[in-house]
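Colleague: Could you walk me through one part of this model in detail? I'd like a close look at how the protein sits against the DNA, and at the helix and side chains involved.

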2 protein chains.
Amino acid sequence: MSVKKRDDTCAIKSVDGKKVAAVKKAMLTDEEVRDLSETFSVLADPTRTKIIYALSKEELCVCDISGVLGISISAVSHQLRVLRNMRLVKFRKEAKMVFYSLDDGHIERLFNEGLKHVRE
Amino acid sequence: MSVKKRDDTCAIKSVDGKKVAAVKKAMLTDEEVRDLSETFSVLADPTRTKIIYALSKEELCVCDISGVLGISISAVSHQLRVLRNMRLVKFRKEAKMVFYSLDDGHIERLFNEGLKHVRE
DNA sequence: CTGTCAATTGAATGATTGTTCAATCATACC
DNA sequence: GGTATGATTGAACAATCATTCAATTGACAG
């Protein structure tokens, strides 16, 4: 049978491994990679994409966001929690309602950069 | 019992619905939302984040990427396919090896904007 | 042709995640 | 206090997705 166990490594690393060592050394820290992919993850969902865009236009309460997007209040609230945990949105309570808005200009710039890319 | 069916809508839309109507009108198209979230999705995975960063430094073959990230060649190849399908990387064949690099400067700018945000 | 190596691919598994439904909290009005 | 409404939360379900393992393709060397 001779079932050779593939060890999933290759004999030569590019020319001689120098490139690999150099890039490895310049690699991002685990924390940077985690933060980066987490940030992009938040923007990667269609519902959250719409919420962020809507909040970039106007301060809105949960109910209004639900109306703009045409989805349930519960679904909106769940996604707002994700955005809150990531510090992408801030909120303000008034009577029974909670008004949300973007936390700062950072996310808006990143979001617009992505939008620019999509629109070419 | 009186199990009132919650209809998940609210009586009043903000002041009187003007804000909701305005934001709704300015909303992104479905295609824009889809493209945006797909683009961010590609950047949202730690493995792909590292691959893109590595390729922003050097042109590398699959084997080298595997060596830099410390994961299997198969796993790298699967992710490269995703990146290829999204036109984020391009490749060049030489002998038995396939060398990958970033497709253009668009993604690098978007990626760096995200990195800047994470590093504050 | 045969054997070897880089890379791709498919199937299967495990983990993550978005939505729905129901219950609950909090505030305002009668 | 009791009721109605805006919002949050938890559990459950379905869908998506990244990784692993195994098999396969394509190119080169002997």
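**The protein–DNA surface**

Modeller: Sure, and a bit of chain A for orientation before we zoom in: its secondary structure comes to six helices and three strands. Keep in mind that this is a predicted model. Reading from the N terminus, the order in chain A is α-α-α-β-α-α-β-β-α. Of its 120 residues, 42% count as buried. As for contacts in chain A with a separation of 6 or more, 49% are between residues 24 or more positions apart.

Now to DNA strand C. There are 26 residues around it, and those that come nearest are T47(A), S74(A), Q79(A), C63(B) and Y100(B). If you take the strand C atoms within 4 Å of the protein, 68% are sugar or phosphate and the rest belong to bases. On the phosphate side, C63(B) has a backbone N or O atom 2.8 Å from a phosphate oxygen of strand C. On the base side, a polar side-chain atom of S74(B) sits 2.9 Å from a base oxygen of that strand. H78(B) also reaches a base oxygen of strand C, with a side-chain N or O atom at 2.9 Å. The elements that give two or more residues to this surface are α3 (46–57) and α5 (73–85) from chain A, along with α4 (62–69), α5 (73–85) and β3 (97–102) from chain B. The largest share, six residues, comes from α5(B).

Over on DNA strand D, there are 26 residues around the strand, and Y100(A), T47(B), R48(B), S74(B) and Q79(B) come nearest. Of the strand D atoms within 4 Å of the protein, 63% belong to sugar or phosphate, and bases make up the rest. S77(A) places a polar side-chain atom 2.9 Å from a phosphate oxygen of strand D, while a backbone N or O atom of V98(A) lies 3.2 Å from a phosphate oxygen of that strand. H78(B) turns up here too: a side-chain N or O atom of this histidine is 3.4 Å from a base oxygen of strand D. For this surface, at least two residues each come from α4 (62–69), α5 and β3 (97–102) of chain A and from α3 and α5 of chain B. α5(A) gives the most, with six residues.

One residue from α5 of chain A deserves a stop, namely S74(A). It counts as partly exposed because its relative accessibility is 39%, and the band for that label runs between 20% and 50%. S74(A) and V62(A) are twelve residues apart in sequence, with their C-alpha atoms 9.2 Å apart.

Last, the helix that carries R48(B), which is α3 (residues 46–57) of chain B. With twelve residues at 1.5 Å each, α3(B) should span 16 Å, and its end C-alpha atoms are 17 Å apart, so the two agree. At the start of α3(B), a side-chain oxygen of D45(B) comes within 3.1 Å of the backbone nitrogen of T47(B). The buried residues of α3(B) are R48(B), T49(B), I51(B), I52(B), Y53(B), A54(B) and L55(B). R48(B) is the one I'd look at: it is buried yet has no salt bridge, and D45(B), the nearest side chain of opposite charge, is 4.5 Å away. Leaving out residues up to four places away in sequence, R48(B) touches S41(B), V42(B), Q79(B), V82(B) and L83(B).

Terms used: Residues numbered from 1 in each chain as written. Chains lettered and ligands numbered in written order. Predicted model: local features only at pLDDT ≥ 70, side-chain atom pairs only at ≥ 80, totals over all residues. Heavy atoms only, no water. Helix = DSSP H or I, 4+ residues; strand = E, 2+ residues; numbered from the N terminus. Buried < 20%, exposed > 50% of the residue type's maximum accessible area, 1.4 Å probe, protein only. Lys, Arg positive; Asp, Glu negative; His and termini not counted. Salt bridge = Lys/Arg side-chain N within 4 Å of Asp/Glu carboxyl O. Contact = heavy atoms within 4.5 Å. Expected span 1.5 Å × (residues − 1). Polar contact = N/O pair within 3.5 Å; in protein donor to acceptor, adjacent residues only side chain to side chain. Near = heavy atom within 4 Å.
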